[in-house]
Amino acid sequence: MRLIPAFLIAFTAFFASRSGVADEALFVSKRITPPGEYTSGIEGPAVDASGNLYVVNFQQSGTIGKLAAGASQSQLFTSLPAGSIGNGIRFDRQGRMYVADFKKHTIWVIASGETAPRLYFHSDRFNQPNDLAIAADGTLYASDPRFATPAGGQIWRITRGADGKGQGEVMSSTRRLGVTNGIDLSPNGATLYVSESNSRQVWAYRLDGNKLLDPRLVRGFADFEVDGLRTDLDGRIYLARLSAGKIAIIGADGSLQREVPLIGKQPTNLTFGGPDGRTVFVTQKEGRFIEAFRADRPGREPCLQVPGMC
């Protein structure tokens with residue numbers, strides 16, 4: 001009878017160690033790539049269904065780096081067309097990668113298993129597409145700030161047409177948007193969260209097709225710029241606080257539930273990944289590396305990408 005519990009304990013420990021998540025402290029961040037791998041434009045982290053992490057501007061502007069699951073050094077994944085510089089990256093359920101190119105006013109798409117970027121959507125009405133959020137049906141939402149002025153930011157809604165190309169339009173809003181930056185959806189897809197750099201605020205909007213309705217101030221901060229954000233499966237918002245060196249975890253009701261101190265002091269963005277969707281990867285402008293910490297709940301997107309994970 002004593003052998004059975006011992007065997008179960010040994011098996012559980014082995015399985016956990018293989019998954020790389022055994023006995024890890026929660027909300028304790030560690031640097032996972034060498035300093036200087038990326039440029040100061042390090043941004044746009046996104047994880048594919050196989051657990052590989054992708055980050056823009058690896059070694060030089062206009063590139064995308066790939067950190068294989070469990071690896072400690074990035075490798076070059078691909079380069080964007082000449083003159084392009086990527087920012088936000090997202091994956092759909094078919095494994096397609098979408099990249100926001102703020103220099104060329106373009107959204108690129110890279111098919112699963114390929115490395116060549118193809119034009120998905122372009123508009124001269126873009127200010128400078130920044131970050132992306134993706135819905136369960138593949139609809140993209142793109143933040144489009146105008147950093148030169150405190151207002152005039154936009155949000156775009158981009159859907160896939162019958163020809164496989166994106167069809168985009170600027171979303172209408174009942175309030176004048178500021179410098180739109182971080183962006184993500186609630187777990188049920190009904191609410192869009194947007195951070196604004198100039199006001200250091202996070203806003204929530206009810207989605208109705210191409211309309212941003214019922215604007216609600218979720219939370220504002222007295223200091224330090226806000227940047228990228230992602231939601232977890234419970235609807236909490238993980239927000240990068242640039243220059244504060246922290247990730248703020250905010251309830252959907254606006255309550256500040258926790259602040260996670262980081263190794264670097266200039267986090268630009270974050271994403272969820274790992275074998276259970278509970279690893280938070282953070283891109284650091286200071287030091288130009290990636291760090292990560294374990295969370296208590298999985299992110300919204302890993303649960304969409306991998307059936308049965310959550």
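A residue counts as buried here when its relative accessible area is under 20%. Keep that cut-off in mind as we walk through this predicted model.

Start with S197, in the loop that links β16 (191-196) to β17 (201-208). Its relative accessibility is 10%, so S197 counts as buried. The side chain of S197 makes a polar contact with that of N181, at 2.7 Å. Leaving out residues up to four places away in sequence, S197 touches F147, V179, N181, E225 and V226.

Now compare another loop residue, A222, which sits between β18 (211-220) and β19 (226-231). This one comes out at 73% relative accessibility and therefore counts as exposed. Along the chain, A222 and Q201 are 21 residues apart, and their C-alpha atoms are separated by 9.2 Å.

On to the sheets. One is an open sheet of four strands, running β2-β3-β4-β5 with antiparallel pairing. Its edge strands are β2 (38-47) and β5 (75-79), each pairing on one side only. On average, neighbouring strands in this sheet are turned by 30° against each other, direction ignored. Look at β2 and β3 (residues 53-58), and you'll find four bridges in the antiparallel sense, with Y38 standing opposite F58 in β3.

The loop between β2 and β3 holds D48, and this residue is worth a pause. D48 is buried yet has no salt bridge, and the nearest side chain of opposite charge, K66, is 5.7 Å away. A salt bridge needs the nitrogen and oxygen within 4 Å, so K66 at 5.7 Å doesn't qualify. What does the side chain of D48 make a polar contact with? The partner is the side chain of Y54, at 2.9 Å. A polar atom of the D48 side chain also lies 2.9 Å from the backbone nitrogen of N52. Not counting residues up to four places away in sequence, D48 touches Y54, F91 and Q305.

A second open sheet also has four strands, in the order β1-β25-β24-β23, and again the pairing is antiparallel. Here β1 (30-31) and β23 (267-273) stand at the edges with a single partner strand each, so one side of each has no neighbour in the sheet. Six bridges pair β23 with β24 (residues 279-284) in the antiparallel sense, and L270 stands opposite V282 in β24.

That brings us to charges. Side chains of opposite charge can pair when their charged atoms come close. How many salt bridges does a search of the whole structure find? The count is 17. One of them joins the side chains of E301 and R230, at 3.9 Å from N to O. E301 belongs to helix α2 (residues 300-305) and R230 to strand β19, so the pair ties together parts 71 residues apart in sequence. Both E301 and R230 are buried.

R297 forms another salt bridge, with D234, and the closest N and O atoms are 3.0 Å apart. Since R297 is in the loop between β25 (289-294) and α2 while D234 is in the loop between β19 and β20 (237-241), this pair ties together parts 63 residues apart. At 32% relative accessibility R297 counts as partly exposed, and D234, at 47%, counts as partly exposed too.

Then there's R294, whose salt bridge with D276 has its closest N and O atoms 2.7 Å apart. R294 lies in strand β25 and D276 in the loop between β23 and β24, so this pair ties together parts 18 residues apart in sequence. R294 has 6% relative accessibility and so counts as buried. Finally, salt bridges that share partners join R90, D131, D184, R230, R300 and E301 into one network.

Methods:
Residues are numbered from 1 along each chain as its sequence is written. This is a predicted model: local features need pLDDT of at least 70, side-chain atom pairs count only at pLDDT 80 or more; totals for chains, interfaces and linings use all residues. Side-chain values use heavy atoms; hydrogens and water are left out. Helices (H or I, at least four residues) and strands (E, at least two) are DSSP runs, numbered from the N terminus. Buried means under 20% relative accessible area, exposed over 50%, partly exposed in between (1.4 Å probe, protein chains only). A polar contact is a pair of N or O atoms within 3.5 Å; within protein, one must be able to donate a hydrogen and the other to accept it, and residues adjacent in sequence count only if both atoms are side-chain atoms. Contact means heavy atoms within 4.5 Å. Two strands pair if DSSP finds at least two bridges between them. Axes are lines fitted to C-alpha atoms, for helices over the stretch in contact, and angles run from 0 to 180 degrees between N-to-C directions. Lys and Arg count as positive and Asp and Glu as negative; His and the chain ends are not counted.
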